[in-house]
Amino acid sequence: MTTSPAGARAAGEQLDDQEVAGLAARLREHRLASRLTLEVAAARVGLSPAYLSRLETGRRQPSLPVLLGLARAYGTSVSGLLGEAMTEPDPVVRGGVIEPGRAGGWGYRRAGARGRAMQALRVHVPPGVQDAVVRVHPGEEWLCVLQGALRLTLGDRVHHLAVGDSAHFDSLTPHCIAAESAHGVELLFVHTLLQSPGGELCLGGGPAAPH
């Protein structure tokens, strides 16, 4: 993201003129906790070090795009920068029908709380020829077959999983998932996607799953 000081103050993008209590101090605290210098942090967000310094001393108010950029750079949320108390997510996720997605027919339904280190999904993989792209990325993945039959390729080995079978593997191992049964396969899928900047799901050709 590249945001100039003038752009950061553009109409419609700026926060309320009244300073959010403690915002400047929290911006500095989060930067120091991330062990970033003014120069490095400003470069990550497309700001000048002088402008970031003015934000940290309360002489300027950040726009929403700047806050979003700083939150990403510091590994936190906008709510965290604003000092808002985070509510505990509901631990219960009710079941429901998995609707097929537009891309390739893959279907996803969230099966865990948002904002956790692990993300859980129920996934429907359609039958037929699957996306042959082998994927490699940081993180861990765990899956369990709920319905149907699955072909899981890990490196040079091909594994055939039936209902009740599960697999747990390092995502840095080249991997590919495909349905072997006529009606597709339904999975319970848990992933971490550690250090993945996009945080995107690697399954098939389907849409990015909700996080």
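This passage describes the overall makeup of a predicted model, the packing of some of its helices, and the surroundings of a few single residues.

The chain contains 6 helices and 8 strands. Read along the sequence, these elements follow the pattern α-α-α-α-α-α-β-β-β-β-β-β-β-β. The chain has 211 residues, and 35% of them count as buried. Among the contacts with a separation of 6 or more, 63% are made by residues 24 or more positions apart. The area exposed by the chain is about 11700 Å², and 53% of this area is supplied by carbon and sulfur atoms.

Helix H4 spans residues 49-56 and packs against helix H3, residues 38-45. Two packed helices are described by the angle between their axes and the distance between the axes. For H3 and H4, the angle is about 100 degrees and the axes are 8 Å apart. Angles of 65 to 115 degrees count as roughly perpendicular, and H3 and H4 are therefore roughly perpendicular to each other. On the H3 side, the contact is made by Leu38, Glu39, Ala41 and Ala42; on the H4 side, by Pro49, Leu52, Ser53 and Glu56. The residues of this contact comprise 5 nonpolar, 1 polar and 2 charged.

Helix H4 also packs against H2, at an angle of about 125 degrees and with the axes 7 Å apart. This angle makes H2 oblique to H4. Here Ala24, Ala25, Leu27, Arg28 and Arg31 of H2 meet Leu52, Leu55 and Glu56 of H4. The contact of H2 with H4 divides into 5 nonpolar and 3 charged residues, with no polar residue. Leu52 and Glu56 of H4 thus appear in the contact with H3 and also in the contact with H2.

Within H4, the residues Tyr51, Leu52, Leu55 and Glu56 are buried. These residues lie on the same side of H4, because the arc that they cover around the axis is only 145 degrees. Just after H4, glycine 58 adopts a positive phi of about 80 degrees.

A positive phi is also found at arginine 35, where the value is about 60 degrees although the residue is not a glycine. Arginine 35 is located in the loop that connects helix H2, residues 23-33, to H3. With a relative accessible area of 79%, arginine 35 is exposed.

Isoleucine 98 is placed in the loop between helix H6, residues 78-82, and strand E1. The relative accessible area of isoleucine 98 is 14%; the cut-off for a buried residue is under 20%, so isoleucine 98 is buried. Leaving aside residues up to four places away in sequence, isoleucine 98 touches Gly107, Tyr108, Arg109, Arg122, Val123, His124 and Glu186. One of these contacts, arginine 122, is 24 residues from isoleucine 98 in sequence. The C-alpha atoms of isoleucine 98 and arginine 122 are 7.7 Å apart in space.

Glycine 107, which is among the residues touched by isoleucine 98, belongs to strand E1, residues 107-110. Glycine 107 is buried, and its relative accessible area is 1%. Glutamate 186, also touched by isoleucine 98, is 79 residues apart from glycine 107 in sequence. In space, glycine 107 and glutamate 186 are 9.1 Å apart, C-alpha to C-alpha. Isoleucine 98 therefore is a buried residue of the loop that touches both Gly107 and Glu186.

Technical notes. Residues are numbered from 1 along each chain as its sequence is written. This is a predicted model: local features need pLDDT of at least 70, side-chain atom pairs count only at pLDDT 80 or more; totals for chains, interfaces and linings use all residues. Side-chain values use heavy atoms; hydrogens and water are left out. Helices (H or I, at least four residues) and strands (E, at least two) are DSSP runs, numbered from the N terminus. Buried means under 20% relative accessible area, exposed over 50%, partly exposed in between (1.4 Å probe, protein chains only). Axes are lines fitted to C-alpha atoms, for helices over the stretch in contact, and angles run from 0 to 180 degrees between N-to-C directions. Angles under 35 degrees count as roughly parallel, over 145 as roughly antiparallel, 65 to 115 as roughly perpendicular and the rest as oblique. Contact means heavy atoms within 4.5 Å. Ala, Val, Leu, Ile, Met, Phe, Trp, Tyr, Cys and Pro count as nonpolar, Asp, Glu, Lys and Arg as charged, and the others, Gly among them, as polar. Accessible areas come from the Shrake-Rupley method with a 1.4 Å probe; for residues, only the protein chains shown count as cover. The arc is that of the directions from the helix axis to the C-beta atoms.
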